[in-house]
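Work through the following exercises with the sequence and the three-dimensional picture side by side. Each task is followed by a solution that goes step by step.

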Amino acid sequence: GSATGGGDVGASLTDAAGARQEADALGRQLATGQLTDIQEYMAAATKANLSVELVVAVRDRAVEAFQEIMRMQV
């Protein structure tokens, strides 16, 4: 990867964390009756879930690449 590739991963991590915080806040509002549109919460929760799945997939691929490099003969 290049320096810009690293920035993209960092942005994905930041996006995932922000999406999770937004979903958590909407979940609290829904639980307290402040949010009446459950679709808004469901959309935020789905976005957060997909963001986390993306970060996990990128992490898994990075670990696989590292393990492959470590198996290479010099």
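A residue is called buried under 20% relative accessible area, exposed over 50%, and partly exposed in between, with a 1.4 Å probe and protein chains only. The model is predicted, so local features need pLDDT of at least 70 and side-chain atom pairs count only at pLDDT 80 or more, while totals for chains, interfaces and linings use all residues. Residues are numbered from 1 along each chain as its sequence is written, and side-chain values use heavy atoms, with hydrogens and water left out.

**Exercise 1.** Determine how Arg20 and Asp24 meet, and classify each of them by accessibility.

Solution. Begin with the general idea that side chains of opposite charge can pair when their charged atoms come close. The criterion for a salt bridge is a side-chain nitrogen of Lys or Arg within 4 Å of a carboxyl oxygen of Asp or Glu. The side chains of Arg20 and Asp24 are joined by such a bridge, at 3.3 Å from N to O. Both residues belong to helix α1, where they are four residues apart, about one turn of the helix; helices here are DSSP runs (H or I, at least four residues), numbered from the N terminus. Because its relative accessible area is 34%, Arg20 is partly exposed, and Asp24, at 35%, is partly exposed as well.

**Exercise 2.** Which salt bridges do Glu64 and Arg71 form, and with which partners?

Solution. Take Glu64 to start with: its side chain meets that of Arg61 in a salt bridge of 3.9 Å, N to O. These two residues are three apart in helix α2, and therefore about one helical turn separates them. Glu64 has a relative accessible area of 44% and so is partly exposed, whereas Arg61 reaches 61% and counts as exposed. Turn next to Arg71, whose side chain meets that of Glu68 at 2.9 Å, N to O. This pair, too, is three residues apart in helix α2, about one helical turn. Arg71 is exposed at 55%, while Glu68 is partly exposed at 42%. By the rule given above, the count comes to four salt bridges.

**Exercise 3.** Where does Leu13 lie, and is its side buried or partly exposed?

Solution. Leu13 has its place in helix α1. Since its relative accessible area is 45%, Leu13 is partly exposed.
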